[in-house]
Amino acid sequence: MFGPVTQSSAILGTLEIDRRAGVPLQTQLYRGLREAILQGRLASGLRLPATRVLARELDVARNTVVAVFEQLVDEGYLVARIGAGTVVASIRPETLLHARPAPSRAATTAPPRLSRRGLALASIRRASPGATSGRAFQVGLPALDAFPTETWARLLARRARTPTRSVLGYDYASGHPGLRGAIAAYLGAARGVSCRPEQVIVVAGAQAGLDLACRLLLDPGDAAWIEEPGYLGARGALLAASARLVPVPVDPDGIDVACGAARAPDARLVYTSPSHQLPTGATMSLPRRMALLAWAERAQAWVLEDDYDSEYRYGGRPIAAMQGIDGAGRVIYVGTFSKTMFAALRVGYLVVPPALVEPFGVAMRHTGHSAPVVIQAALGDFIADGHYTAHVRRMRVLYEGRQARLVRAARRHLGGLAKVAPADAGMHLVAALPGGSDDVDVTARAAAAGVVVRPLSTHYLGRPERTGLLLGYAGTPEREIDRGVEALAAVLRASKGSRA
Ligand SMILES: Cc1ncc(COP(=O)(O)O)c(C=O)c1O
């Protein structure tokens, strides 16, 4: 009925056990046997040697072989028959699961048909290459080397070890109550935001918040103002909602409200980053804020206020959020922990007007925008125990120092090549390039020289008015700042030479 016992040598020939690989022998044996069965090198019906024999041949503990056989039997690759040993199953598990090998890229001929929305979204290219944390001058990253990992790990472990039923269930679609309360209290004290904890909706980063708000408030084709130049993430969220994007210029007072009202008086939503405009760094003046709020009330439009890095202000008086002076309930405030904790935490929040609490709360159950609740609970503790404000305070001092270092290095090395002016807020500076410079080309050359910058021109929806490089300094260690500026100077000199 069953085939002959496999010679141990036949199996041994198919298995590659590497004792220095750092992968447990049991895992290696399991993967090796499974591969051999899936690829037909061990044919169905074949009888495997006794575990004792195989263990001796492979020089592993018998228990290891027994555990692997048991797992493969459980998964349907092997069949164990009393008195008849263990044989390779005749019905392949992958047939049962209808699993097929993934098609190679070359084998797929026609490109997949994306929706118009999908095509628009997929065409937004981030100009910086990925996986560059810690290198000069990645934009938008906090100092990961200065994060209090030990404290965070302790709080996270405590919540993970003793979770309540609600933390493990579906109860907190709009966010963990401890965190919502902590955010409401923090925003009231630090940002002049006026809200109750129910108005705080915790989402998987500011990006999820922008996406949720745009999807819930806009119909396809609705006009929305977007700052020009502006944040690519906001462009993505608006495109995902199939909105009609209306670029509205930014000047030193922030978004030009009169221009927006003339270009798209029927707009349903305005995206703006008034505390520290991305990418120009402009802070919206109070008259502009009042003008925007008055227009939004008249037009019954929503204002999406992105307050992504307002914690980092080094001089002048802190300017409170627009949400706090909105008497008409038109502002949706967006915040994030990506700049104060770390970006991969993926926790951000919206503060919605009372009228939107119910619809946003219900929608959260259907959109998949939630952040993991165990992490939210630990973050609530981190804030409530005072670690958050202490960390932000330390980072403010650190980043101010790093900015000064960048400005000093730029003065020393970039004279005649780029202008870098100090700023009293934020985590990046803009290096203005001389007219006629191609900042995308410079970015590529800089990347080849190990320096990560972001071209200003990619932030324009229309024709770029100026070119420049965004230099993130907050997450760049001091030594890297000096090295990065010197390398950038060499790149700019070479590219100036090739233009001349
Ligand atoms: C203007 C702006 N808004 C929001 C964010 C934060 O996004 P998230 O919370 O999704 O990481 C960033 C990050 O780069 C940003 O530059």
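## Arg 405 and its salt bridge

In this predicted model, Arg 405 has a relative accessibility of 26% and therefore counts as partly exposed, since that class lies between the limits of 20% and 50%. Its partner in a salt bridge is Asp 482, with the closest N and O atoms 2.7 Å apart. Arg 405 belongs to helix 16 (residues 387-413) and Asp 482 to helix 18 (residues 478-499), so that the pair links distant parts of the chain, 77 residues apart. Asp 482 is likewise assigned to the partly exposed class, its relative accessible area being 21%.

## Other salt bridges

The structure holds 14 salt bridges, and the general principle behind them is that side chains of opposite charge can pair when their charged atoms come close. One of the bridges joins the side chains of Arg 191 and Asp 307, with an N to O distance of 2.7 Å. Because Arg 191 lies in helix 9 (residues 177-191), while Asp 307 sits in the loop between strand 9 (302-306) and strand 10 (331-336), this pair ties together parts that are 116 residues apart in sequence. How do these two residues stand with respect to burial, buried or exposed? Arg 191 is buried, at 6% relative accessibility, and Asp 307 is buried as well, at 3%.

A bridge within a single helix is found between Arg 445 and Asp 441, whose side chains meet at 2.9 Å, N to O. Both residues lie in helix 17 (residues 439-448), where a spacing of four residues corresponds to about one turn of the helix. Arg 445 is partly exposed at 32% relative accessibility, and Asp 441 is partly exposed with a relative accessible area of 32%. Elsewhere, Asp 145, Arg 402 and Glu 478 are joined into one network by salt bridges that share partners.

## The ligand and its surroundings

Which residues surround the ligand? The shell consists of Gly 205, Ala 206, Gln 207, Tyr 231, Tyr 271, Leu 278, Asp 306, Tyr 308, Thr 336, Ser 338, Lys 339 and Arg 346. By residue class, the shell divides into five nonpolar, four polar and three charged members.

Several polar atoms of the protein approach oxygen atoms of the ligand. A polar backbone atom of Gln 207 is 2.9 Å from a ligand oxygen, whereas in Ser 338 an N or O atom of the side chain is 2.7 Å from an oxygen of the ligand. Lys 339 also contributes through its side chain, a polar atom of which lies 2.7 Å from a ligand oxygen. The ligand taken alone exposes 390 Å², and the protein buries 90% of that area.

## Two open sheets

Strands of a sheet pair through backbone hydrogen bonds, either parallel or antiparallel. An open sheet of eight strands has mixed pairing and the strand order 4-11-10-9-8-5-6-7. Its edges are formed by strand 4 (200-203) and strand 7 (254-255), each of which pairs on one side only. At one of these edges, strand 6 (residues 244-251) and strand 7 run antiparallel and are joined by two bridges, and the bridge partner of Asp 251 in strand 7 is Gly 254.

An open sheet of three strands has the order 1-3-2 and antiparallel pairing. Here the edge strands are strand 1 (47-48) and strand 2 (78-81), each pairing on one side only. Strand 1 is joined to strand 3 (residues 85-88) by two bridges, the two strands running antiparallel, and Arg 47 stands opposite Val 87 in strand 3.

## Overall dimensions and a loop residue

The protein has 18 helices and 15 strands, and 48% of its 500 residues count as buried. Its C-alpha atoms fill a box of roughly 90 × 60 × 50 Å, taken along the principal axes.

Gly 169 is located in the loop between helix 8 (165-168) and helix 9, and with a relative accessible area of 36% this glycine is partly exposed. How far apart in space are Gly 169 and His 369, which are 200 residues apart in sequence? Their C-alpha atoms are 16 Å apart.

How values were computed
Residues are numbered from 1 along each chain as its sequence is written. This is a predicted model: local features need pLDDT of at least 70, side-chain atom pairs count only at pLDDT 80 or more; totals for chains, interfaces and linings use all residues. Side-chain values use heavy atoms; hydrogens and water are left out. A residue is near a molecule or strand if one of its heavy atoms lies within 4 Å of it. A polar contact is a pair of N or O atoms within 3.5 Å; within protein, one must be able to donate a hydrogen and the other to accept it, and residues adjacent in sequence count only if both atoms are side-chain atoms. Accessible areas come from the Shrake-Rupley method with a 1.4 Å probe; for residues, only the protein chains shown count as cover. Ala, Val, Leu, Ile, Met, Phe, Trp, Tyr, Cys and Pro count as nonpolar, Asp, Glu, Lys and Arg as charged, and the others, Gly among them, as polar. A salt bridge is a side-chain nitrogen of Lys or Arg within 4 Å of a carboxyl oxygen of Asp or Glu. Buried means under 20% relative accessible area, exposed over 50%, partly exposed in between (1.4 Å probe, protein chains only). Two strands pair if DSSP finds at least two bridges between them.
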